[in-house]
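Biologist: I'm new to this one and I'd like to know how the labels get decided. Could you show it to me and take my questions as they come?

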Amino acid sequence: MALRKNQSSLTSTEKKQLTDAVLKLKAGGSPGNRYDELVLIHEQNITYGHFGPAFFAWHREYLLLFEQALQNIMNDQSIALPYWDWTANQSANTFGWPFTADFLGGNGQGSYWQVMDGPFAYDTGMWPLTVRTGTEPYSFLMRRFGPSQQPPLSLPTPANVQAALQATPYDVPPWDITSPSGLRNRAEGNIPFGMHNLVHMWVGGSMTPFTSPNDPVFWLHHCYVDRLWSDWQILHPDQVAYLPREGAPIKGHNLYDAMPPWTVRPVDVLSTWDHGYHYDTDGFLVPGEVLYPGQTIYSMGDHRYYLAYETDGNLRLWLRGWGNYLWQSSDSKKPLGKCTMESQGNLVIRDNNNNKIWESKTDGHPGSYLVVRPDGHATINQPGVPKPIWIQPPEKG
Ligand code: CU
Ligand code: CU
């Protein structure tokens, strides 16, 4: 089972493993390499993977092919794509870019916005863009982050993500970029403009044409988009995971259509678990990880229980489909901020001025992590210690 983690929780070793694998797939830019094959697949099949219901399904298959290619070339089946939660840590640096230079490199520089640092800088000789559209004259990677564009752009917010996750059903007629409601068109970013589309625009440069997988941040971006579909299914067990069965204007977008260039159909990719991967938000909050307002972690396996950092500033543990919560951090409204699993074992809610609003009082247990267990308890566990150091609601007997 591959565990797809938040990129912010990767160790520097894990980051290096990933970029090494990506560079190896590109084979120093030599012709016909697997990386460029995948870029070409994206460019040549745009209408099958975008602007319609198959947006999530087509990219899920596409990401799986990329992940498998990385695993195969490194002969390591544990390699998993990390995701970039673009709503988090937007103030991490002046651009809201959370990646270190040695991981994915930074913003472009000079009048052509050429990426000059990190493993994908042109001067390394390892990252020439060989698959290009007619609007891309240069073979170096380009980025122009939102704050340096005219007019400046900012990334989607947690509230934008929550609004998309609340939208039902999966998609609606006419099943294209004018679909007036539903998860898909909102998350793709057509109604209103934002979300997935905005993130491509925000990174700018090589992330904006149909060859956008030329920028490796594409995979981390789409990994988060894929997680949103997974989260939405968990949040809405009463909804059909994919629509329509028929009636989409382009063949390839109905539930049982093959998605070109593959034979795989949307119906084949509805479950992440069936495809051998899941997300770290299924069940855990690991040291350093943060829950922002509206974010949730679900119990492992059947996702019956979930712990939510709610928009009244409190944590609550719920059983899905049951009207009462099982536990809450407090019963009064609090100023909003974030809930962090701190490295010393304390689970802490702070407001936006960094004042402590609530804590689990479990400091002094380094490396501890929060778990939502399938038996309906939220616990904090320290590695190597059999009993939880914190458990809610308290165990009876
Ligand atoms: Cu795409
Ligand atoms: Cu995209």
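Modeller: Here are a few labels and the reasoning behind them, and keep in mind that this is a predicted model.

Biologist: What makes His42, His50 and His59 donors of the copper ion (ligand 1)?

Modeller: Distance. A donor is an N, O or S atom within 2.8 Å of this kind of metal. The NE2 atoms of His42, His50 and His59 sit at 2.0 to 2.1 Å from the copper ion (ligand 1), so they pass that cut-off. Along the chain, these donors are spaced H-x7-H-x8-H.

Biologist: Which helices hold His42 and His59?

Modeller: His42 belongs to helix 2 (residues 34-44) and His59 to helix 4 (residues 55-74), so the pair ties together parts 17 residues apart in sequence. As for His50, look in the loop between helix 3 (46-49) and helix 4.

Biologist: Why is His42 called buried or exposed?

Modeller: Buried means under 20% relative accessible area. His42 has 2% relative accessibility, so it counts as buried. His59 comes out at 4%, and therefore counts as buried too. With a relative accessible area of 7%, His50 is also buried.

Biologist: How do you know that the side chains of His50 and His42 make a polar contact?

Modeller: The limit for a pair of N or O atoms is 3.5 Å. The contact joining those two side chains is 3.2 Å, so its length fits the limit. Leaving out residues up to four places away in sequence, His50 touches His42, His59, Glu188 and His253.

Biologist: What coordinates the copper ion (ligand 2)?

Modeller: His196, His200 and His222, each through NE2, at 2.0 to 2.1 Å. The 2.8 Å cut-off is what makes them donors, so they qualify. Their spacing is H-x3-H-x21-H. His196 in helix 8 (residues 195-203) and His222 in helix 9 (residues 217-235) link distant parts of the chain, 26 residues apart. His196 and His222 are both buried.

Biologist: How far apart are the copper ion (ligand 1) and the copper ion (ligand 2)?

Modeller: They are 3.7 Å apart.

Biologist: What makes strand 6 and strand 13 edge strands?

Modeller: They belong to an open sheet of four strands, ordered 6-11-12-13 with antiparallel pairing. Strand 6 (290-291) and strand 13 (356-359) each have a single partner strand, so one side of each has no neighbour in the sheet.

Biologist: How do you know that strand 12 and strand 13 pair?

Modeller: Pairing needs at least two bridges. Strand 12 (residues 347-351) and strand 13 have three, in the antiparallel sense, so they count as paired. In one of these bridges, Val348 partners Glu359 of strand 13.

Notes: Residues are numbered from 1 along each chain as its sequence is written. Chains are lettered from A and ligands numbered from 1 in the order in which they are written. This is a predicted model: local features need pLDDT of at least 70, side-chain atom pairs count only at pLDDT 80 or more; totals for chains, interfaces and linings use all residues. Side-chain values use heavy atoms; hydrogens and water are left out. Helices (H or I, at least four residues) and strands (E, at least two) are DSSP runs, numbered from the N terminus. Donors are N, O and S atoms within 2.8 Å of the metal (3.2 Å for Na, K and Ca); water is not among the atoms, so sites may look incomplete. Buried means under 20% relative accessible area, exposed over 50%, partly exposed in between (1.4 Å probe, protein chains only). A polar contact is a pair of N or O atoms within 3.5 Å; within protein, one must be able to donate a hydrogen and the other to accept it, and residues adjacent in sequence count only if both atoms are side-chain atoms. Contact means heavy atoms within 4.5 Å.
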